[in-house]
Amino acid sequence: MSSSANIPAPRNEPILSYAPGSPEREAIKAALKKMGGEVADIPIIIGGKEIRTGKTHDVVAPHNHGHVLGRVHQADGRLVTQAIQASERAYRDWSHWKFEDRAAVFIRAAELLAGPWRQIVNAATMLGQSKTIFQAEIDGACELIDFWRLNVNFAEQLYGQQPLSSPGVWNRSEYRPLEGFIYAISPFNFTAIGGNLAGTPALMGNTVVWKPAGTASLSSYYVMKVLEAAGLPPGVINFVPGDAATISARVLADRRLAGIHFTGSTGVFQMLWKQVGERIADYATYPRLVGETGGKDFVLAHSSADAESLAVALVRGAYEYQGQKCSAASRAYIPQSLWPDVRDRMVAMIKDIKVGDVTDFRNFMGAVIDQKSFNSLSGYLDRARKDRGVTVLAGGGADARKGYFVEPTLLQARDPKYRTMCEELFGPVLTVHVYKDADFRQTVKLVDTTSPYALTGSVFARDRDVIDYARTALRHAAGNFYVNDKPTGAVVGQQPFGGARASGTNDKAGSILNLLRWVSPRSMKETLIPPTDYRYPFMADR
Ligand code: NAD
């Protein structure tokens with residue numbers, strides 16, 4: 001399985017600027033115009049065949065919910081069974097493809113996405129998930145290109161890990177795909193995650209049933225089309241949009257389930273884990289459970305921090321993509337001495353932020369994903385306005401008449417255990433707790449113990465001893481830990497991503513560690529000249 005294929009060297013896809021006058025700006029504007037004028041008919045894709053059930057759900061633009069972008073056909077239980085069968089059929093061939101041939105499909109997919117498909121996937125991400133062009137570019141284009149390209153390099157490293165051989169013996173490790181199919185379930189908030197959750201097990205020789213998030217159906221569909229255009233054989237990934245509970249019930253009841261590759265909320269992952277646990281004796285193997293889930297990501301500032309960079313990190317970290325990144329800064333701990341300066345800078349920036357239709361490039365933020373999210377966030381804001389000990393310093397408003405718009409909101413909470421300091425809101429709401437400078441160490445403890453999550457976190461300080469102290473004391477508080485930077489924006493191959501505690505299994509998407517979960521190694525020993533006498537030398541008389 002080890003390869004001598006001379007895989008192209010790893011490199012991250014450069015982020016295009018979309019500045020006025022750039023060719024990419026012209027290209028994305030044209031793609032938005034075209035896609036914005038169409039209603040996509042999004043099928044289920046099983047064994048390479050497009051299936052239309054006629055039972056459809058509308059895909060709308062969150063910033064203009066009257067605008068229907070597509071109709072996505074919903075799979076029923078019978079089609080889920082067909083998708084599992086198609087993945088089983090495809091497995092017979094695909095699981096025996098040489099690594100370099102599988103790699104070629106993904107390298108080509110990355111190249112297609114970097115080139116002719118870039119603005120299609122970006123436009124779908126902007127319109128369907130309400131991302132600005134910059135947020136779409138770093139997700140649907142760059143991050144997914146990086147996943148597909150760099151995972152090939154990581155796979156090559158993995159296959160290259162081979163055991164020792166003693167004289168007369170040849171030992172090998174064969175990194176087999178898992179026996180069975182993989183169920184990939186993706187969230188709405190990153191187009192790249194869907195392409196990675198389905199693509200990575202496939203790269204390692206597995207076949208997949210992929211259930212995309214309903215609200216990300218448009219971009220997910222185009223991601224699937226890129227993979228098809230790259231030469232992914234029919235049935236290797238089966239695209240099965242539809243009701244999550246119906247699909248999962250059928251998938252989890254199948255004895256061939258070999259793994260779940262999930263990203264989404266903690267509650268859903270825990271439910272899947274429980275259901276697998278209840279049926280554990282019915283499966284042909286122990287399904288691998290890989291899940292990256294929720295977060296309550298922190299920014300902790302020390303009195304030695306630089307107020308200006310801290311304020312910028314908080315604004316970008318909390319409000320980009322409307323706070324709907326699993327890594328978004330949502331609780332901050334700021335020392336009294338710095339607070340007035342940080343607060344004033346933040347409030348000024350927030351006042352400057354424009355929220356609206358993402359096709360207007362002057363906007364920094366779009367809408368939150370759907371009515372459910374809007375209602376939940378409005379509820380938190382209503383409560384915050386009434387609750388004692390909480391001050392709304394900026395924003396606080398929400399308006400769903402045209403799109404699901406929630407203002408970038410800055411709350412200050414006297415109680416460090418106030419609900420918005422502890423619960424994942426998944427929206428543009430940052431809560432700050434101001435502490436006495438002398439209480440830094442107690443505050444570190446508070447950061448560590450406030451939420452069940454441990455996804456991302458940042459420490460801002462110029463004092464090196466303080467940085468060292470926080471890094472040690474917060475060792476298990478975040479899977480991605482930042483010093484003097486915002487807690488968002490991990491890059492594939494640079495900051496492998498994932499958290500522990502209630503935030504997931506920490507299998508680090510976009511790294512060799514994740515690939516390990518999709519292989520089942522076989523150790524092979526070949527004896528070159530086998531013994532011909534059962535007796536050992538010690539048994540001789542003299
Ligand atoms: P979600 O849990 O609502 O949905 C995720 C996926 O699970 C979707 O495809 C959804 O349809 C599916 N799902 C929902 N109910 C299901 C069920 N009963 N059975 C099977 N599948 C079901 O999450 P979301 O709103 O799409 O995404 C936001 C969440 O994802 C946040 O909690 C965020 O922190 C998390 N997230 C985490 C990471 C990470 O790397 N840790 C990355 C992105 C998002």
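This passage looks at the ligand site of a predicted model, then at one helix and two buried loop residues.

Start with the ligand. It is surrounded by 27 residues, and the closest of them are S186, S248, S265, T293 and E424. In terms of residue class, the shell splits into 15 nonpolar, nine polar and three charged residues. Several oxygen contacts can be picked out. S186 puts a backbone N or O atom 2.6 Å from a ligand oxygen, and F188 also uses a backbone N or O atom, this time at 3.1 Å from an oxygen of the ligand. With K211 it is the side chain that takes part: one of its polar atoms sits 2.9 Å from a ligand oxygen. As for overall cover, the ligand on its own has 840 Å² of accessible area, and the protein covers 85% of that.

Which elements give two or more residues to this shell? They are α8 (244–252), β10 (257–263) and α9 (266–278). Of these, α9 gives the most, with three residues. Zooming out to domains, the shell draws residues from both domain 1 (23–293 + 504–525) and domain 2 (297–483), so the ligand lies between the two.

T293, one of the residues closest to the ligand, is found in the loop that links β11 (288–292) to β12 (297–301). Is T293 buried or exposed? Its relative accessible area is 5%, and since anything under 20% counts as buried, T293 is buried. The T293 side chain also has a polar atom 3.4 Å from the backbone nitrogen of G504.

Another loop residue worth a look is V240, placed between β9 (237–239) and α8. V240 has 0% relative accessibility and therefore counts as buried. Along the chain V240 and I185 are 55 residues apart, while their C-alpha atoms are 9.9 Å from each other.

Helix α15, spanning residues 464–473, has two faces to describe. Its buried residues are V466, I467 and A470. These three cover an arc of only 100° around the axis, which puts them on the same side of α15. The spacing fits a general rule: an α-helix has 3.6 residues a turn, so residues three or four places apart point the same way. On the face turned away from that buried side, α15 carries the exposed residues R464, D465 and T472.

Conventions:
Residues numbered from 1 in each chain as written. Predicted model: local features only at pLDDT ≥ 70, side-chain atom pairs only at ≥ 80, totals over all residues. Heavy atoms only, no water. Near = heavy atom within 4 Å. Polar contact = N/O pair within 3.5 Å; in protein donor to acceptor, adjacent residues only side chain to side chain. Areas by Shrake-Rupley, 256 points an atom, 1.4 Å probe, with all protein chains shown as cover. Helix = DSSP H or I, 4+ residues; strand = E, 2+ residues; numbered from the N terminus. Nonpolar A, V, L, I, M, F, W, Y, C, P; charged D, E, K, R; others polar. Domains from an automatic or database assignment. Buried < 20%, exposed > 50% of the residue type's maximum accessible area, 1.4 Å probe, protein only. Arc of directions from axis to C-beta.
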